[in-house]
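Colleague: I keep meeting words like "paired" and "buried" and want to know what earns them. Can we go through them together?

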Amino acid sequence: YCSEDFSYDEDIDGDVINDAVFNRNTALETKYNVVLKVVEAESGTVETMIKNDVDGGTKAYDIVMPYIRSAATLSLSGYLLDLSAYDTIDLSKPWWDQNFVSTVTMNGSLFLGSGDISLLNKICATAVSFNKEMITTYSLSNPYELVKNGTWTLDAMSEMGRSVISDDGDGVLQYEGHDIFGLSSSYGDGINYYIGCNQNLCLKDENDYPYIAIGSVESIDIVQNIVTMLSQDWVIHAQEMGTDNIWDSSLKIFSEGRALFRTNAFSANKKLRDTTVNFGIVPLPKASEDQDGYYSFVATNNTVICAAITAGCQDDEFAAYMLEAAAVEGKNYLTPAYIDISLMQRDTRDDESQEMIEIIFANFRYDLNHIYNFGLSNVLQTLVQNGTPNEITSLLAENKSAVETKIDDVMEEVNKWSGR
(Lines give C-alpha, C1' and ligand atoms only; values in the text may rest on other atoms or scores of the structure.)
Protein backbone atom coordinates (compact mmCIF):
# COMPACT_ATOMS: atom_id res chain seq x y z
CA TYR A 1 0.00 0.00 0.00
CA CYS A 2 1.33 3.38 -1.03
CA SER A 3 0.86 6.54 1.00
CA GLU A 4 -0.59 9.52 -0.86
CA ASP A 5 -0.73 11.69 2.23
CA PHE A 6 2.00 14.24 1.49
CA SER A 7 3.31 13.49 -2.01
CA TYR A 8 1.58 14.89 -5.07
CA ASP A 9 2.24 15.02 -8.80
CA GLU A 10 2.44 18.54 -10.23
CA ASP A 11 1.64 17.18 -13.69
CA ILE A 12 -1.72 15.79 -12.59
CA ASP A 13 -4.63 18.22 -12.43
CA GLY A 14 -8.13 17.32 -11.40
CA ASP A 15 -7.41 14.19 -9.36
CA VAL A 16 -9.29 14.79 -6.13
CA ILE A 17 -6.71 13.26 -3.77
CA ASN A 18 -3.73 14.78 -5.56
CA ASP A 19 -5.39 18.21 -5.41
CA ALA A 20 -6.27 17.78 -1.73
CA VAL A 21 -2.68 16.91 -0.85
CA PHE A 22 -1.43 19.95 -2.78
CA ASN A 23 -3.95 22.25 -1.07
CA ARG A 24 -3.20 20.84 2.39
CA ASN A 25 0.56 21.21 1.88
CA THR A 26 0.11 24.75 0.58
CA ALA A 27 -2.05 25.65 3.56
CA LEU A 28 0.61 24.37 5.96
CA GLU A 29 3.43 26.19 4.24
CA THR A 30 1.49 29.44 3.98
CA LYS A 31 -0.05 29.47 7.43
CA TYR A 32 3.07 28.43 9.34
CA ASN A 33 5.78 29.87 7.09
CA VAL A 34 7.49 26.53 6.60
CA VAL A 35 8.73 24.49 3.69
CA LEU A 36 7.68 20.85 3.55
CA LYS A 37 10.42 18.55 2.34
CA VAL A 38 8.82 15.20 1.59
CA VAL A 39 11.18 12.24 1.39
CA GLU A 40 9.67 9.24 -0.37
CA ALA A 41 10.96 5.75 0.28
CA GLU A 42 10.16 2.14 -0.49
CA SER A 43 8.11 0.63 2.30
CA GLY A 44 10.76 -1.92 3.25
CA THR A 45 13.41 0.76 3.77
CA VAL A 46 11.60 3.29 5.98
CA GLU A 47 12.42 1.62 9.30
CA THR A 48 16.11 1.33 8.41
CA MET A 49 16.24 4.94 7.21
CA ILE A 50 14.86 6.16 10.54
CA LYS A 51 17.29 4.03 12.54
CA ASN A 52 20.26 5.20 10.49
CA ASP A 53 19.23 8.84 10.84
CA VAL A 54 18.87 8.68 14.62
CA ASP A 55 21.97 6.56 15.17
CA GLY A 56 24.06 8.70 12.84
CA GLY A 57 22.81 12.02 14.24
CA THR A 58 22.12 13.41 10.77
CA LYS A 59 18.74 14.91 11.83
CA ALA A 60 17.34 14.51 8.32
CA TYR A 61 13.75 13.84 9.40
CA ASP A 62 11.33 15.43 11.86
CA ILE A 63 8.01 13.69 11.27
CA VAL A 64 8.03 10.14 9.95
CA MET A 65 5.23 7.92 8.65
CA PRO A 66 6.20 4.22 8.76
CA TYR A 67 3.80 1.30 8.82
CA ILE A 68 2.13 1.03 12.21
CA ARG A 69 3.84 -2.21 13.21
CA SER A 70 7.23 -0.82 12.12
CA ALA A 71 6.56 2.29 14.22
CA ALA A 72 5.69 0.12 17.20
CA THR A 73 9.00 -1.72 16.80
CA LEU A 74 10.91 1.56 16.48
CA SER A 75 9.25 2.97 19.58
CA LEU A 76 10.51 0.08 21.71
CA SER A 77 14.11 0.93 20.87
CA GLY A 78 13.89 4.65 21.55
CA TYR A 79 13.70 5.84 17.95
CA LEU A 80 10.38 7.68 18.40
CA LEU A 81 9.22 10.28 20.92
CA ASP A 82 6.21 10.08 23.22
CA LEU A 83 3.44 12.19 21.63
CA SER A 84 1.61 12.50 24.94
CA ALA A 85 4.55 14.47 26.37
CA TYR A 86 3.84 17.55 24.20
CA ASP A 87 1.31 20.22 25.15
CA THR A 88 0.97 21.25 21.50
CA ILE A 89 -0.46 17.83 20.59
CA ASP A 90 -4.01 17.35 21.82
CA LEU A 91 -4.75 13.67 21.35
CA SER A 92 -8.36 14.18 22.45
CA LYS A 93 -9.20 16.19 19.34
CA PRO A 94 -11.27 14.69 16.49
CA TRP A 95 -8.41 14.79 13.96
CA TRP A 96 -6.82 11.99 15.97
CA ASP A 97 -8.61 8.65 15.76
CA GLN A 98 -9.87 8.25 19.32
CA ASN A 99 -10.24 4.48 19.00
CA PHE A 100 -6.58 4.28 18.01
CA VAL A 101 -5.48 6.60 20.82
CA SER A 102 -7.37 4.68 23.51
CA THR A 103 -6.20 1.31 22.19
CA VAL A 104 -2.50 2.03 21.61
CA THR A 105 -1.76 4.28 24.60
CA MET A 106 0.05 2.22 27.24
CA ASN A 107 0.99 3.48 30.69
CA GLY A 108 -0.14 6.91 29.52
CA SER A 109 2.33 6.97 26.60
CA LEU A 110 1.65 7.01 22.87
CA PHE A 111 4.48 6.99 20.33
CA LEU A 112 2.43 6.77 17.14
CA GLY A 113 -0.67 8.60 15.99
CA SER A 114 -3.38 7.84 13.46
CA GLY A 115 -6.32 9.82 12.16
CA ASP A 116 -6.89 12.52 9.56
CA ILE A 117 -3.18 12.95 8.94
CA SER A 118 -3.37 9.81 6.78
CA LEU A 119 -5.85 8.17 4.41
CA LEU A 120 -4.64 4.60 4.74
CA ASN A 121 -6.52 3.91 7.98
CA LYS A 122 -9.71 4.56 6.00
CA ILE A 123 -8.59 2.91 2.78
CA CYS A 124 -7.67 -0.26 4.71
CA ALA A 125 -10.77 -0.46 6.89
CA THR A 126 -12.60 -3.78 6.43
CA ALA A 127 -16.12 -4.17 5.10
CA VAL A 128 -18.21 -6.64 3.11
CA SER A 129 -19.20 -6.03 -0.51
CA PHE A 130 -22.23 -7.85 -1.89
CA ASN A 131 -23.59 -8.49 -5.39
CA LYS A 132 -26.96 -6.75 -5.64
CA GLU A 133 -28.07 -8.67 -8.73
CA MET A 134 -27.45 -11.99 -6.98
CA ILE A 135 -29.49 -10.79 -4.01
CA THR A 136 -32.41 -10.24 -6.39
CA THR A 137 -31.86 -13.41 -8.44
CA TYR A 138 -31.82 -15.67 -5.38
CA SER A 139 -34.59 -13.73 -3.57
CA LEU A 140 -32.36 -13.06 -0.58
CA SER A 141 -32.82 -10.56 2.24
CA ASN A 142 -31.60 -7.04 1.57
CA PRO A 143 -28.31 -6.65 3.48
CA TYR A 144 -28.97 -2.93 3.93
CA GLU A 145 -32.21 -3.67 5.74
CA LEU A 146 -30.53 -6.33 7.85
CA VAL A 147 -27.92 -3.79 8.98
CA LYS A 148 -30.55 -1.18 9.79
CA ASN A 149 -32.65 -3.73 11.71
CA GLY A 150 -29.65 -5.01 13.65
CA THR A 151 -30.01 -8.50 12.17
CA TRP A 152 -26.90 -8.56 9.95
CA THR A 153 -25.08 -11.37 11.77
CA LEU A 154 -22.65 -14.19 11.04
CA ASP A 155 -25.59 -16.60 10.90
CA ALA A 156 -27.49 -14.39 8.46
CA MET A 157 -24.43 -14.10 6.22
CA SER A 158 -23.86 -17.87 6.36
CA GLU A 159 -27.46 -18.67 5.46
CA MET A 160 -27.33 -16.34 2.46
CA GLY A 161 -23.90 -17.54 1.33
CA ARG A 162 -24.86 -21.20 1.42
CA SER A 163 -27.94 -20.61 -0.71
CA VAL A 164 -26.07 -19.51 -3.85
CA ILE A 165 -23.32 -22.11 -4.14
CA SER A 166 -23.31 -23.80 -7.53
CA ASP A 167 -21.01 -26.32 -9.24
CA ASP A 168 -20.51 -25.92 -12.98
CA GLY A 169 -20.88 -29.66 -13.47
CA ASP A 170 -17.37 -31.01 -13.02
CA GLY A 171 -17.99 -32.00 -9.41
CA VAL A 172 -15.23 -29.74 -8.06
CA LEU A 173 -15.73 -26.32 -6.51
CA GLN A 174 -12.76 -24.23 -7.64
CA TYR A 175 -11.62 -20.90 -9.02
CA GLU A 176 -11.23 -22.22 -12.56
CA GLY A 177 -14.48 -22.68 -14.43
CA HIS A 178 -17.87 -21.19 -13.63
CA ASP A 179 -18.56 -22.28 -10.05
CA ILE A 180 -20.47 -19.82 -7.89
CA PHE A 181 -19.56 -19.17 -4.25
CA GLY A 182 -21.15 -17.43 -1.33
CA LEU A 183 -18.00 -15.61 -0.23
CA SER A 184 -14.64 -14.68 -1.73
CA SER A 185 -12.32 -14.37 1.25
CA SER A 186 -8.86 -15.29 2.56
CA TYR A 187 -7.33 -17.21 5.45
CA GLY A 188 -6.41 -13.91 7.08
CA ASP A 189 -9.99 -12.68 7.28
CA GLY A 190 -10.66 -14.56 10.50
CA ILE A 191 -9.29 -11.64 12.52
CA ASN A 192 -11.50 -9.20 10.61
CA TYR A 193 -14.68 -11.07 11.51
CA TYR A 194 -13.49 -11.62 15.08
CA ILE A 195 -12.90 -7.92 15.71
CA GLY A 196 -16.17 -7.18 13.92
CA CYS A 197 -17.88 -9.29 16.56
CA ASN A 198 -16.77 -6.77 19.23
CA GLN A 199 -13.90 -8.98 20.39
CA ASN A 200 -10.19 -8.37 20.90
CA LEU A 201 -7.06 -10.47 21.09
CA CYS A 202 -5.65 -8.16 23.75
CA LEU A 203 -7.09 -5.42 25.93
CA LYS A 204 -5.74 -3.27 28.79
CA ASP A 205 -6.51 -3.36 32.49
CA GLU A 206 -7.22 -0.44 34.82
CA ASN A 207 -3.49 0.29 34.95
CA ASP A 208 -3.21 0.64 31.16
CA TYR A 209 -1.35 -2.69 31.03
CA PRO A 210 -2.11 -5.14 28.17
CA TYR A 211 -3.47 -8.61 28.80
CA ILE A 212 -4.74 -11.52 26.70
CA ALA A 213 -8.45 -10.96 26.09
CA ILE A 214 -9.24 -13.96 23.91
CA GLY A 215 -10.09 -17.11 25.84
CA SER A 216 -13.42 -16.39 27.49
CA VAL A 217 -16.36 -18.69 26.79
CA GLU A 218 -17.93 -16.01 24.61
CA SER A 219 -14.79 -15.38 22.59
CA ILE A 220 -14.15 -19.10 22.05
CA ASP A 221 -17.73 -19.60 20.82
CA ILE A 222 -17.33 -16.69 18.41
CA VAL A 223 -13.99 -17.96 17.09
CA GLN A 224 -15.45 -21.40 16.49
CA ASN A 225 -18.45 -19.89 14.70
CA ILE A 226 -16.21 -17.77 12.46
CA VAL A 227 -13.76 -20.57 11.65
CA THR A 228 -16.61 -22.97 10.93
CA MET A 229 -18.21 -20.43 8.58
CA LEU A 230 -14.95 -19.69 6.74
CA SER A 231 -14.20 -23.42 6.38
CA GLN A 232 -17.40 -24.24 4.47
CA ASP A 233 -17.41 -25.15 0.78
CA TRP A 234 -19.39 -22.03 -0.13
CA VAL A 235 -16.33 -19.94 0.83
CA ILE A 236 -13.35 -19.71 -1.52
CA HIS A 237 -10.07 -18.32 -0.21
CA ALA A 238 -7.60 -16.29 -2.22
CA GLN A 239 -4.80 -18.67 -1.25
CA GLU A 240 -6.65 -21.54 -2.93
CA MET A 241 -7.01 -19.91 -6.35
CA GLY A 242 -3.60 -20.92 -7.67
CA THR A 243 -3.00 -17.77 -9.69
CA ASP A 244 -0.05 -15.39 -9.90
CA ASN A 245 -1.96 -12.58 -8.19
CA ILE A 246 -4.38 -14.15 -5.75
CA TRP A 247 -5.80 -10.82 -4.60
CA ASP A 248 -6.73 -9.73 -8.12
CA SER A 249 -8.25 -13.17 -8.65
CA SER A 250 -10.20 -12.89 -5.40
CA LEU A 251 -11.65 -9.58 -6.58
CA LYS A 252 -12.19 -10.87 -10.13
CA ILE A 253 -14.37 -13.74 -8.98
CA PHE A 254 -16.59 -11.20 -7.23
CA SER A 255 -16.68 -8.73 -10.13
CA GLU A 256 -17.67 -11.55 -12.50
CA GLY A 257 -20.75 -12.35 -10.43
CA ARG A 258 -19.36 -15.63 -9.13
CA ALA A 259 -19.39 -14.68 -5.43
CA LEU A 260 -22.26 -13.19 -3.46
CA PHE A 261 -20.01 -11.57 -0.85
CA ARG A 262 -16.39 -10.45 -0.66
CA THR A 263 -14.49 -9.41 2.46
CA ASN A 264 -12.37 -6.44 1.48
CA ALA A 265 -10.75 -3.18 2.42
CA PHE A 266 -11.96 -0.03 0.67
CA SER A 267 -8.87 -0.14 -1.53
CA ALA A 268 -10.67 -2.88 -3.46
CA ASN A 269 -13.67 -0.69 -4.17
CA LYS A 270 -11.50 1.67 -6.18
CA LYS A 271 -10.52 -1.30 -8.35
CA LEU A 272 -14.21 -2.04 -8.97
CA ARG A 273 -14.71 1.32 -10.69
CA ASP A 274 -13.91 -0.19 -14.09
CA THR A 275 -16.16 -3.23 -13.66
CA THR A 276 -19.87 -3.59 -14.33
CA VAL A 277 -20.78 -5.46 -11.16
CA ASN A 278 -23.63 -3.82 -9.27
CA PHE A 279 -22.47 -4.02 -5.69
CA GLY A 280 -23.32 -2.69 -2.27
CA ILE A 281 -21.26 -2.26 0.90
CA VAL A 282 -22.14 -3.25 4.46
CA PRO A 283 -20.19 -3.51 7.73
CA LEU A 284 -18.75 -6.76 9.00
CA PRO A 285 -21.57 -8.83 10.53
CA LYS A 286 -22.28 -8.96 14.24
CA ALA A 287 -21.81 -12.08 16.35
CA SER A 288 -25.49 -11.99 17.23
CA GLU A 289 -28.43 -9.59 17.19
CA ASP A 290 -27.65 -8.71 20.83
CA GLN A 291 -24.34 -7.06 19.88
CA ASP A 292 -24.48 -3.31 20.45
CA GLY A 293 -23.19 -2.20 17.04
CA TYR A 294 -21.05 -2.87 13.98
CA TYR A 295 -17.26 -2.62 14.06
CA SER A 296 -14.57 -2.45 11.41
CA PHE A 297 -11.08 -3.81 11.96
CA VAL A 298 -8.27 -1.68 10.55
CA ALA A 299 -5.31 -3.84 9.50
CA THR A 300 -2.16 -2.52 11.15
CA ASN A 301 0.76 -4.71 10.13
CA ASN A 302 2.11 -3.74 6.71
CA THR A 303 -0.79 -1.83 5.23
CA VAL A 304 -1.58 1.25 7.33
CA ILE A 305 0.93 3.96 8.15
CA CYS A 306 0.97 6.25 11.17
CA ALA A 307 2.64 9.54 12.12
CA ALA A 308 5.43 9.89 14.65
CA ILE A 309 8.23 12.20 15.73
CA THR A 310 11.69 10.76 15.30
CA ALA A 311 14.08 10.95 18.25
CA GLY A 312 16.64 12.43 15.88
CA CYS A 313 14.62 15.48 14.86
CA GLN A 314 16.22 18.94 15.03
CA ASP A 315 13.55 20.54 17.23
CA ASP A 316 11.10 18.18 18.89
CA GLU A 317 8.80 20.94 20.20
CA PHE A 318 8.44 22.43 16.74
CA ALA A 319 7.99 18.98 15.20
CA ALA A 320 5.17 18.31 17.67
CA TYR A 321 3.55 21.64 16.82
CA MET A 322 3.66 20.90 13.09
CA LEU A 323 2.45 17.33 13.55
CA GLU A 324 -0.69 18.65 15.19
CA ALA A 325 -1.09 21.24 12.42
CA ALA A 326 -0.72 18.58 9.73
CA ALA A 327 -3.39 16.46 11.41
CA VAL A 328 -5.76 19.43 11.58
CA GLU A 329 -5.27 20.28 7.91
CA GLY A 330 -5.67 16.62 7.04
CA LYS A 331 -9.14 16.81 8.52
CA ASN A 332 -9.83 19.98 6.54
CA TYR A 333 -8.55 18.73 3.18
CA LEU A 334 -7.63 15.05 2.93
CA THR A 335 -10.47 13.29 4.70
CA PRO A 336 -13.31 15.18 2.94
CA ALA A 337 -11.68 14.64 -0.45
CA TYR A 338 -11.43 10.90 0.13
CA ILE A 339 -14.74 10.20 1.86
CA ASP A 340 -17.10 12.75 0.30
CA ILE A 341 -15.80 12.65 -3.26
CA SER A 342 -13.47 9.74 -4.03
CA LEU A 343 -15.26 7.09 -1.98
CA MET A 344 -18.88 8.28 -1.82
CA GLN A 345 -19.16 9.51 -5.40
CA ARG A 346 -16.75 7.28 -7.33
CA ASP A 347 -16.25 4.04 -5.44
CA THR A 348 -19.87 3.25 -4.56
CA ARG A 349 -22.93 2.43 -6.64
CA ASP A 350 -25.83 3.66 -4.50
CA ASP A 351 -26.90 5.99 -1.70
CA GLU A 352 -27.34 3.14 0.77
CA SER A 353 -23.63 2.33 0.57
CA GLN A 354 -22.87 5.85 1.69
CA GLU A 355 -24.98 5.36 4.82
CA MET A 356 -23.15 2.11 5.51
CA ILE A 357 -19.76 3.80 5.10
CA GLU A 358 -20.70 6.32 7.77
CA ILE A 359 -21.44 3.43 10.14
CA ILE A 360 -18.17 1.69 9.28
CA PHE A 361 -15.97 4.77 9.64
CA ALA A 362 -17.54 5.71 12.95
CA ASN A 363 -16.52 2.41 14.51
CA PHE A 364 -12.91 1.62 13.64
CA ARG A 365 -11.29 -0.99 15.84
CA TYR A 366 -7.60 -1.71 16.46
CA ASP A 367 -5.91 -4.42 18.46
CA LEU A 368 -2.74 -4.05 20.51
CA ASN A 369 -1.56 -7.56 19.69
CA HIS A 370 -1.72 -6.84 15.99
CA ILE A 371 0.29 -3.66 16.46
CA TYR A 372 2.99 -4.84 18.89
CA ASN A 373 2.95 -8.44 17.67
CA PHE A 374 2.59 -10.10 21.05
CA GLY A 375 2.24 -13.50 19.36
CA LEU A 376 -1.49 -14.06 18.72
CA SER A 377 -1.74 -12.58 15.22
CA ASN A 378 -1.67 -15.90 13.36
CA VAL A 379 -3.96 -17.88 15.65
CA LEU A 380 -7.18 -17.32 13.71
CA GLN A 381 -5.45 -17.60 10.34
CA THR A 382 -4.04 -20.99 11.32
CA LEU A 383 -7.47 -22.23 12.39
CA VAL A 384 -9.13 -21.01 9.18
CA GLN A 385 -6.40 -22.42 6.96
CA ASN A 386 -6.58 -25.82 8.66
CA GLY A 387 -10.35 -25.78 9.09
CA THR A 388 -9.99 -26.70 12.77
CA PRO A 389 -12.34 -24.56 14.90
CA ASN A 390 -12.08 -26.83 17.93
CA GLU A 391 -8.32 -26.35 18.28
CA ILE A 392 -8.65 -22.75 19.49
CA THR A 393 -8.37 -23.63 23.19
CA SER A 394 -5.24 -25.74 22.82
CA LEU A 395 -3.64 -23.22 20.46
CA LEU A 396 -4.16 -20.43 22.98
CA ALA A 397 -2.75 -22.57 25.78
CA GLU A 398 0.38 -23.31 23.73
CA ASN A 399 1.03 -19.60 23.15
CA LYS A 400 -0.09 -18.13 26.48
CA SER A 401 3.26 -18.07 28.29
CA ALA A 402 5.21 -16.67 25.34
CA VAL A 403 2.59 -13.96 24.73
CA GLU A 404 2.60 -12.86 28.38
CA THR A 405 6.39 -12.69 28.34
CA LYS A 406 6.31 -10.58 25.18
CA ILE A 407 3.78 -8.22 26.78
CA ASP A 408 6.05 -7.77 29.81
CA ASP A 409 9.05 -7.13 27.54
CA VAL A 410 7.12 -4.54 25.53
CA MET A 411 5.92 -2.75 28.64
CA GLU A 412 9.45 -2.62 30.03
CA GLU A 413 10.53 -0.73 26.91
CA VAL A 414 7.44 1.49 26.88
CA ASN A 415 8.14 2.56 30.44
CA LYS A 416 11.80 3.12 29.59
CA TRP A 417 11.10 5.56 26.76
CA SER A 418 7.85 7.21 27.96
CA GLY A 419 7.65 10.91 28.69
CA ARG A 420 10.25 12.07 26.19
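Modeller: Here is a short chat about the sheet and its strands.

Modeller: Before we start, this is a predicted model, where local features need pLDDT of at least 70, side-chain atom pairs count only at pLDDT 80 or more, and totals for chains, interfaces and linings use all residues. Residues are numbered from 1 along each chain as its sequence is written, and side-chain values use heavy atoms, with hydrogens and water left out.

Colleague: What makes β2 and β8 a pair?

Modeller: Two strands pair if DSSP finds at least two bridges between them. A strand is a DSSP run of E, at least two residues, numbered from the N terminus. Strand β2 (residues 126-131) has four bridges to β8, in the antiparallel sense, so they pair by the definition. In one of them, phenylalanine 130 has glycine 280 of β8 as its partner.

Colleague: Which strands form the sheet, and in what order?

Modeller: Five strands, ordered β6-β3-β7-β2-β8, make an open sheet with mixed pairing. β6 (235-237) and β8 (279-282) are at the edges because each has a single partner strand, leaving one side without a neighbour in the sheet.

Colleague: How do you know the pairing is mixed?

Modeller: β2 and β7 pair in the antiparallel sense over five bridges, while β3 (residues 181-185) and β7 pair in the parallel sense over three bridges.

Colleague: Why is β7 called mostly covered?

Modeller: Buried means under 20% relative accessible area (exposed is over 50%, partly exposed in between; 1.4 Å probe, protein chains only). In β7 (residues 259-265), seven of the seven residues are buried, so the strand counts as mostly covered.
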